[in-house]
Amino acid sequence: MRREGRVRRMTARPANAHQARLLRLLRDGGPNSRAQLGDQVDLSRSKLAVEVDRLLETGLVVADGLAASRGGRRSHNIRLAPQLRFLGVDIGATSVDVAVTNAELEVLGHLNHPMDVREGPVAVFEQVLSLAAKLRASGLVEGFDGAGIGVPGPVRFPEGVPVAPPIMPGWDGFPVREALSQELGCPVMVDNDVNLMAMGEQHAGVARSVGDFLCVKIGTGIGCGIVVGGEVHRGTTGSAGDIGHIQVEPEGRACACGNRGCLEAHFSGAALARDAEDAARTGRSAELVGRLEAAGRLTAADVAAAAAAGDATSLDLIREGGNRVGHTLLASVRTQVYRQSLPLATGNLPIVLGELGPAAGVIGAARLISDHLFSPA
Ligand SMILES: [Zn+2]
């Protein structure tokens, strides 16, 4: 593999919990005055001044323009160092998203490339590193201060290692965090892709200012990010949100995990693609036959495209499968949840689509590594 960014850039870390909190406030709220920061942290004015001065000394924050006056002498706004750069990587089953953000987690550049996660970590990392190199070549970034990586399977979080991921053969136990940290020359954190999507939507999307919510991703697999009190709840081992392998049909279809009747085996994008390939092979849809012959395989996106083109079989597949795509899916989920739950649970329970699309994962990945770096060393 090619070596990227051997120069380690962000050398300082916050020295205590107060500094960590200040860094996160500046990340989430942007540049701010000392006075307004003081309102948000439980520190006396003099203690706040000491912590801000120490952060200025480390170079993690800089003075930035004059703050609005609240009486007395006007002071400078404080902001996170403008040259800080985070790499967000969202590895999906069929494509990878790579983005670079600034310290406020604004996406400065974002690339997507199709790939097959089943090719294994070495091939996928080649792709990730080449996309990261492209971002560097674009002049947006000289090097990365940290990287967050999402993978579509269960991750033992403390070590950043995938554990028996059903749709990622060849990744079991692979030291993703360590390997990519070496290649990129910066600290790396790894998490399940849906947890990162939840963090992204919380930072900049539909779950802004929401402390407790579930984020469900229906892709090749099905997963759920659980956010409680503003923090992702991973459980002891990192598998808390793994809803894809809950059995919904006792004698149902064989699942990639080895069991039968899992939610994922019946209602995921992969299940829809498999149904579509069956329909093509048995000659039920000329449209799908054409697409299968052209591409050698079918995806959920093919079915959606065929349905949009008016193919009756594809429309049926989508309806039969529990209304599996887009807004139809959302309506169907709402109906079922509201019908099958007690009123207290759903009385104030909005069920909405995410806002960020493919940016959710990469923003969440940047947030993950920034949470790590903006913690006391
Ligand atoms: Zn399963």
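This report describes how domain 1 and domain 2 meet in a predicted model of a protein chain.

In this predicted model, local features need pLDDT of at least 70 and side-chain atom pairs count only at pLDDT 80 or more, while totals for chains, interfaces and linings use all residues. Residues are numbered from 1 along each chain as its sequence is written, and side-chain values use heavy atoms, with hydrogens and water left out.

The chain is divided into three domains, with bounds that come from an automatic or database domain assignment.

| Domain | Residues |
|---|---|
| domain 1 | 17-80 |
| domain 2 | 86-206 + 358-373 |
| domain 3 | 242-346 |

The centres of domain 1 and domain 2, taken over C-alpha atoms, are separated by 30 Å. Eight residues of domain 1 are in contact with seven residues of domain 2, where contact means heavy atoms within 4.5 Å. The area buried between domain 1 and domain 2 is about 600 Å², with carbon and sulfur atoms giving 42% of it; buried area is the accessible area (1.4 Å probe) that two parts lose on being put together, summed over both. Of the area that domain 1 buries against domain 2, 73% is supplied by Arg24, Arg27 and Leu80, more than by any other three residues.

Between domain 1 and domain 2 the count is three salt bridges, each being a side-chain nitrogen of Lys or Arg within 4 Å of a carboxyl oxygen of Asp or Glu. Arg27 forms a salt bridge with Asp371, and the closest N and O atoms of this pair are 2.7 Å apart.
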